[in-house]
Amino acid sequence: MAGASLVAFNSWLDGFIARQGQAEVASAARRAVGLAEFRLQEAAAALDALALQGVNSCAAGNIPALRAATFAAAPIKAVTVLDSDRQSLCADLDAPFAGADLLTTVPAGADGVSLDIMLLSNGERMARLRRIAGEGPAEIAALIPVSLLLPQVSIPGSSVSAYAQLTTRDGILIGAVGLRPPGAEARFAATAASDTFAFNAEIVVPYGILPSENAGLKRLGLILPGIVVAMLIICALVMRRRDAENPVAELQRALAAGELIPYYQPIVDIRSGKLRGAEVLVRWRKPDGTLVLPGAFIPLAESSGMIRAMTHDLMKRVCVEAGRAIGARPGLKISFNFAGQLFGDQSIVKDVRNIFSGTPIKLSQVVLEVTERDPIENFTATRQTIAALQGLGVRIAIDDVGTGHSGLSYMLKLGVDIIKIDKIFVDAIGTDRNSNTIVETLVDLAHNMRMDVVAEGVETFEQVMYLRDLGVRSAQGYVFAPPLPGSAFLQLVDAIDPLTAARVPEAGRASAA
Ligand code: C2E
Ligand code: CA
Ligand code: CA
């Protein structure tokens with residue numbers, strides 16, 4: 001089984017990790033600085049606004065303004081007024097300030113805002129931003145838990161974990177998250193500096209080589225650390241927001257402004273190590289750089305009817321961004337998530353044909369994923385739409401198999417081509433015998449019905465081996481790569497499957513829509 005392409009995949013991984021890993025960790029460090037700066041700036045702006053309102057004491061009339069500032073700026077836990085000894089004057093607001101030791105102070109820069117690092121009696125670290133209130137000498141201060149300045153460095157339920165720390169310029173720890181890999185262990189590390197608040201962010205990522213007796217496939221278990229970390233940090237940038245008064249209007253604005261963009265998660269052939277394609281997963285990239293995951297806005301897009309325009313826009317963006325790379329490699333497939341409601345209307349067939357016609361992507365390269373989670377409203381119409389799409393050469397997959405209410409046999413009557421085994425069943429591999437039986441049953445069924453199987457959310461090498469032994473051909477998951485931004489995905493495609501001279505002109509002639 002360990003054929004030449006697997007060797008090529010392994011050597012690609014080596015090179016890719018060395019080049020991309022360091023670059024991605026450096027970019028993760030810059031993002032960590034960006035995240036902490038963004039939150040501190042949000043707090044500083046709240047303090048500026050209070051100073052402008054003339055809040056300089058704990059007079060009863062000022063308390064509502066202090067409370068409003070705490071509420072309006074997401075990272076702030078409390079706002080108070082300090083006397084000349086920097087003691088809080090507003091007794092009912094200062095509980096978190098009581099009994100805190102001052103560890104260090106980063107003096108004010110041009111903006112007049114100083115940053116104190118405090119240690120609370122419960123061991124928690126807090127950042128305290130301070131500025132003069134109006135004429136002084138009183139100061140107003142905002143308290144921010146240090147944990148809110150740090151990126152997320154691990155994925156819940158996964159063994160993947162990185163380490164991040166923020167330090168002042170003179171090396172005093174502001175806060176840290178994750179476990180620092182021991183010095184001897186091979187790893188990537190990068191540091192970036194904030195000029196605005198004079199701190200440094202350091203990110204460290206271990207290589208995680210899982211033990212295996214199969215030398216050929218061993219490196220499949222080597223997680224692409226830099227990319228995973230970049231993704232983790234991106235997750236961390238998914239922020240709790242209290243704005244967006246009209247969320248539908250806000251989403252519509254985002255769509256019109258081109259803020260809803262495709263990410264690409266590679267789908268790998270686990271028998272050969274070759275790339276089979278990618279699944280497109282939408283991300284909302286806000287102007288300040290924060291990334292919002294689809295779980296936060298797809299339900300709204302579906303209930304407001306915007307999902308159709310959003311899905312069209314996403315397909316067009318993929319044609320422009322990745323059309324050439326995909327079209328030049330006819331073996332690659334590109335999958336889109338299609339909300340069930342889109343299949344209820346036959347006009348989607350014409351839309352799909354129009355979107356891809358004249359682009360390098362052939363309809364035979366397109367896969368549409370319909371989720372089993374939502375009940376199918378009009379079974380007959382859905383089945384007709386699916387048949388018409390298959391008539392164009394498009395393939396249909398059922399997503400999240402095993403998690404829905406419709407029942408698999410009902411879903412299979414739709415006549416689909418591929419089933420995607422949900423992460424909850426993949427997670428249980430090696431832990432729960434019953435669940436393994438579910439995976440086996442699904443795979444048997446799919447093979448009997450001549451359908452392809454894709455396993456989702458594959459995170460460990462052990463899962464790869466188990467699935468491969470069952471005869472599963474394709475898998476996606478963090479063990480290979482997380483969803484990647486377009487540029488990283490295109491680099492990966494070029495590295496894994498370079499275009500031969502014979503195919504380049506074809507790619508060059510083809511133009512994106
Ligand atoms: P899905 O279609 O089941 O996509 C797989 C989800 O699992 C993605 O989450 C992906 O990032 C995540 N994932 C992949 N590998 C792993 C892994 O190894 N471990 C873990 N823990 N997670 C993994 P994401 O991107 O947050 O998307 C969530 C859901 O949002 C998708 O679930 C899909 O149902 C929906 N969605 C995403 N993009 C679109 C879209 O363009 N249209 C529609 N209608 N739905 C979309
Ligand atoms: Ca999907
Ligand atoms: Ca799924």
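This passage walks through a predicted model of the protein, from its overall make-up to its bound calcium ions, its ligand and a few local details.

The overall picture comes first. The secondary structure of the protein comprises 14 helices and 19 strands. Of the 513 residues in the protein, 52% are buried. The protein exposes about 21700 Å² of surface, and carbon and sulfur atoms supply 53% of that area. Contacts also reach across the sequence: among those between residues at least 6 apart, 65% join residues at least 24 apart.

Two of the bound ligands are calcium ions, and they make a good place to look in detail. The calcium ion called ligand 2 has four protein donors, namely Glu-279 (OE), Asn-337 (OD1), Glu-369 (OE) and Asp-399 (OD), which lie 2.1 to 2.3 Å from the ion. Written along the sequence, the spacing of these donor residues is E-x57-N-x31-E-x29-D. Glu-279 belongs to strand β11 (residues 275–285) and Glu-369 to strand β14 (residues 366–371), so this pair ties together parts that are 90 residues apart in sequence. Both of these glutamates fall below the 20% limit for a buried residue: Glu-279 has a relative accessible area of 4% and is therefore buried, and Glu-369, at 2%, is buried too.

The other calcium ion, ligand 3, is coordinated by Asp-399 (OD), Asp-400 (OD) and Glu-456, the last of which is listed twice through OE, at 2.3 to 2.6 Å. The donor residues of ligand 3 follow the spacing D-D-x55-E in sequence. Asp-399 appears at both sites, bridging the calcium ion (ligand 3) and the calcium ion (ligand 2), which lie 4.3 Å apart. Asp-399 and Asp-400 are both buried.

The two aspartates also meet ligand 1. An oxygen atom of ligand 1 lies 2.9 Å from an N or O atom in the side chain of Asp-399, and an oxygen atom of ligand 1 is 3.3 Å from an N or O atom in the side chain of Asp-400. A nitrogen atom of ligand 1 has a polar side-chain atom of Gln-265 at 3.0 Å. On its own, ligand 1 has 800 Å² of accessible area, and the protein covers 84% of it. There are 23 residues around ligand 1, of which Arg-283, Asp-399, Lys-423, Glu-459 and Tyr-478 come nearest.

Helix α2 (residues 63–72) shows how a helix can have two distinct faces. Its buried residues are Ile-63, Ala-65, Leu-66, Ala-69 and Thr-70. These residues cover an arc of only 165 degrees around the axis, so they sit on the same side of α2. The face turned away from that buried side carries the exposed residues Pro-64, Phe-71 and Ala-72.

Finally, two loop residues deserve a look for their backbone angles. Ala-198 has a phi near 55 degrees, a positive value in a residue that is not glycine. Ala-198 is placed in the loop between β8 (187–194) and β9 (199–206). Arg-450 likewise has a positive phi of about 55 degrees without being a glycine, and it lies in the loop between α11 (433–448) and β17 (452–455). Are these residues buried or exposed? Ala-198 counts as buried because its relative accessibility is 19%, under the 20% limit. Arg-450, at 76%, counts as exposed, because exposed means over 50%.

Terms used
Residues numbered from 1 in each chain as written. Chains lettered and ligands numbered in written order. Predicted model: local features only at pLDDT ≥ 70, side-chain atom pairs only at ≥ 80, totals over all residues. Heavy atoms only, no water. Helix = DSSP H or I, 4+ residues; strand = E, 2+ residues; numbered from the N terminus. Buried < 20%, exposed > 50% of the residue type's maximum accessible area, 1.4 Å probe, protein only. Donors = N, O, S within 2.8 Å, 3.2 Å for Na, K, Ca; no water. Contact = heavy atoms within 4.5 Å. Areas by Shrake-Rupley, 256 points an atom, 1.4 Å probe, with all protein chains shown as cover. Near = heavy atom within 4 Å. Polar contact = N/O pair within 3.5 Å; in protein donor to acceptor, adjacent residues only side chain to side chain. Arc of directions from axis to C-beta.
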